Amino acid sequence: MEKEPIIALDFPSWEQTEAFLKPFKQEQLYVKVGMELYLQNGPFIIERLKEMNHRIFLDLKLHDIPNTVKQAMKGLAALGVDMVNVHAAGGVQMMKAAREGLDEGAKDGKRPVLLAVTQLTSTSEEAMQEDQLISVPLQESVLHYAKKAKEAGCDGVVCSVLEASIICEACGEDFYKVTPGIRLKDGSTDDQQRIADPHEARKMGSTMIVVGRPVTKADDPVASYHHVKALWGGQAQ
Ligand SMILES: O=C(O)c1cc(=O)[nH]c(=O)n1[C@@H]1O[C@H](COP(=O)(O)O)[C@@H](O)[C@H]1O
């Protein structure tokens, strides 16, 4: 279990990202750069965050034909980020290709951790069945994707806290269960459907939690981050 919650830096510009990070002073963080920030600013963002010694999950959720994903992953590995992801729905061949790309592009022999997104935490069982024409229960779909991700050589999955324990049983404790959809009991759920608080995440076997708006939109983001971290670490109720 990672001690640091991953903070989703869902901002449009470096200026806003820097302003958010400033009150954290010298604290070393684990941050997530997603589509919003990366696609508008590019690799420059990664360089800046690395200079600040933060660990980086580059969340671009690749989903394309195997060769395209392999070549893209080669480039992402060369950026020296710590973790990347693909959509498991791209299939076993695509996930294998992602892993090959990372192995080939790895910097100093250290490749990023590879995760596969199962069912997005914003997806309810009802929406999955209707939009994707999947008739099995959502947990079964998530578990199926987790097994396929393991078979393809991924290090773990992105799932909700609600599926972490069944994945643990099927794929082992060391297989990463990275869980977004983290909400505090008194907060808003926003567009998330499968949510849990940091304390529940720890009990259910998440390896890492990803938290965005409950921290980034809080009146006092540093205090909110430390509250989340204490709940996650079991130092608060
Ligand atoms: O891959 C992800 O990081 C991800 C997968 C998923 O199923 N659900 C999910 O919310 N995320 C990301 O996790 C973050 C959650 O942010 P908040 O909902 O603001 O806490 C966002 O940056 C999402 O892009």
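This is a short tour of a predicted model, stop by stop.

Before you click: residues are numbered from 1 along each chain as its sequence is written. Since the model is predicted, local features need pLDDT of at least 70, side-chain atom pairs count only at pLDDT 80 or more, and totals for chains, interfaces and linings use all residues.

**Stop one: the annotated domain.** Select residues 4–228, which an unreviewed UniProt entry annotates as "domain: Orotidine 5'-phosphate decarboxylase" (such annotations may be inferred rather than shown by experiment). This stretch is 45% helix and 16% strand, with its end C-alpha atoms 9 Å apart. Helices (H or I, at least four residues) and strands (E, at least two) are DSSP runs, numbered from the N terminus.

**Stop two: the ligand.** Show the 20 residues around the ligand; A8, L120, P180, G212 and R213 come nearest. A residue is near a molecule if its C-beta atom, placed from the backbone, lies within 6 Å of it. Now colour β3 (55–62), β8 (208–211) and α10 (213–216): each supplies at least two residues of this shell.

**Stop three: α4 and α5.** Pick residues 66–78 (α4) and 92–105 (α5), whose axes are 7 Å apart at an angle of about 30 degrees. Axes are lines fitted to C-alpha atoms, for helices over the stretch in contact, and angles run from 0 to 180 degrees between N-to-C directions. The two helices are therefore roughly parallel (angles under 35 degrees count as such). Among the residues that meet here are V69 and M73 in α4, and M94 and L102 in α5; contact means C-beta atoms, placed from the backbone, within 7 Å.

**Stop four: α7 and α8.** Move on to residues 138–151 (α7) and 161–171 (α8). Their axes come within 10 Å and cross at roughly 40 degrees, which makes α7 oblique to α8 (outside the roughly parallel range under 35, the roughly antiparallel range over 145 and the roughly perpendicular range of 65 to 115 degrees). Turn on the side chains of Q139, V142, L143, A146, K147 and K150 in α7, which meet E163, I166, I167, A170 and C171 in α8.

Key: Two residues are in contact if their C-beta atoms, placed from the backbone, lie within 7 Å.
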